[in-house]
Amino acid sequence: MLEASTGGGALARGPSDSAPSPSRAAAYSPVRMATMADEEAIIAMLRLMHKEAGMRDYNNEPFPLCEEKMRASVQRAIIPRRNDPSAIQLCCGVIGTSSQIEASICLGVASDWYSDTQYIGDMWNYVSPQFRRHTRHARTLIAFAKTLADTLHMSLRLANVGVERIEAKDRFLARELGAKPIGQHFVYHPQPLRAF
């Protein structure tokens, strides 16, 4: 199991890792690698995330959800070498059980159009609404991503693409990453976006 603690942000490996002491229990949230048993719970969580998506159509609705494409993306993240042995693999970390995923982050390797240098980027980074107020899941997912970047000696790029609490989320990412944003994404819509 791969785990992350919100205390120092470090990851620990191995099934022999001991459980957190009761005094640390409130600050401790394990991140584990997703498996095929998590597929349906991840899909259910991503349906919630889709409702908060920042990319909107002319009617201010999230772009239509393509269940087949979403499922293929999840399977690519949880089934090693699913389609192509040479394809870049995704890493999906989850918090919760196979019946209820409380939070998840999916990371992959990318490069920009002008360089062959690769970096780690996120496909999604999401905490289900009912687990936002009284957990440290968001911090734990960021710690997980940072440790992966540190381990692989690669830069990490995370995005904040939504329509609610954008400034607060930007401040959170800046604080947890210890970094300033590099630019911003702007999306023009014929109709003004409304928050939900």
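The legends below accompany an overview and several close-up views of a predicted model of one protein chain.

**Figure 1. Overview of the secondary structure of the protein chain.** The chain contains four helices and seven strands. Read from the N terminus, these elements follow the order β-β-β-α-α-β-β-β-α-β-α. Of the 196 residues in the chain, 35% are buried. Among contacts with a separation of 6 or more, 61% join residues that lie 24 or more positions apart. The chain exposes about 12,300 Å², and carbon and sulfur atoms supply 56% of this area.

**Figure 2. Helix α2 and the elements around its buried residues.** Helix α2 comprises the twelve residues 67–78. At 1.5 Å a residue, this helix should span 16 Å, and its end C-alpha atoms are indeed 16 Å apart, so the two values agree. The buried residues of α2 are Met70, Ser73, Val74, Gln75, Ala77 and Ile78. These buried residues pack against one helix, α1 (39–51), and against the strands β4 (90–97), β5 (100–111) and β6 (118–127).

**Figure 3. Helix α3 and the residue that follows it.** Helix α3 is formed by the 16 residues 137–152. Its expected span, at 1.5 Å a residue, is 22 Å; the end C-alpha atoms lie 23 Å apart, which agrees. Several residues of α3 are buried, including His137, Thr140, Leu141, Ile142 and Ala143. Phe144, Ala145, Thr147 and Ala149 are also among the buried residues of this helix. Just after α3, His153 takes a positive phi of about 55°.

**Figure 4. Ser128 in the loop between β6 and α3.** Ser128 is located in the loop that joins strand β6 to helix α3. Is Ser128 buried or exposed? Its relative accessible area is 2%, and because buried means under 20%, Ser128 counts as buried. With its neighbours within four places in sequence left aside, Ser128 is in contact with Met45, Leu48, Ile101 and Glu102.

**Figure 5. Gly108 in strand β5.** Gly108 belongs to strand β5. This glycine is buried, with a relative accessible area of 11%. Which residues does Gly108 contact, leaving aside its neighbours within four places in sequence? They are Gln89, Leu90, Tyr119, Ile120 and Gly121. Gly108 and Asp122 are 14 residues apart in sequence, and their C-alpha atoms are 6.3 Å apart in space.

**Figure 6. The aromatic pair of Trp113 and Tyr114.** A pair of aromatic rings is described by the distance of the centres and the angle of the planes. The count for this structure comes to one aromatic pair. That pair is formed by Trp113 and Tyr114, with 5.3 Å from centre to centre and 85° between the planes. The arrangement is edge-to-face, because planes over 60 degrees apart are placed in that class. Trp113 is exposed, with a relative accessible area of 82%. Tyr114 is exposed as well, with a relative accessible area of 59%.

**Figure 7. Cysteine residues Cys66, Cys92 and Cys106.** A search of the whole structure finds zero disulfides. For Cys92, the nearest cysteine sulfur belongs to Cys106 and is 5.1 Å away. A disulfide requires sulfur atoms within 2.5 Å, and therefore Cys92 is in no disulfide. Cys92 is buried, with a relative accessible area of 2%. Cys66, by contrast, counts as partly exposed, at 43% relative accessibility.

Technical notes:
Residues are numbered from 1 along each chain as its sequence is written. This is a predicted model: local features need pLDDT of at least 70, side-chain atom pairs count only at pLDDT 80 or more; totals for chains, interfaces and linings use all residues. Side-chain values use heavy atoms; hydrogens and water are left out. Helices (H or I, at least four residues) and strands (E, at least two) are DSSP runs, numbered from the N terminus. Buried means under 20% relative accessible area, exposed over 50%, partly exposed in between (1.4 Å probe, protein chains only). Contact means heavy atoms within 4.5 Å. Accessible areas come from the Shrake-Rupley method with a 1.4 Å probe; for residues, only the protein chains shown count as cover. Rings of Phe, Tyr and Trp (its six-membered ring) pair if their centres lie within 6.5 Å; planes under 30 degrees apart count as stacked, over 60 as edge-to-face and the rest as tilted. The expected span of a helix is 1.5 Å times one less than its number of residues.
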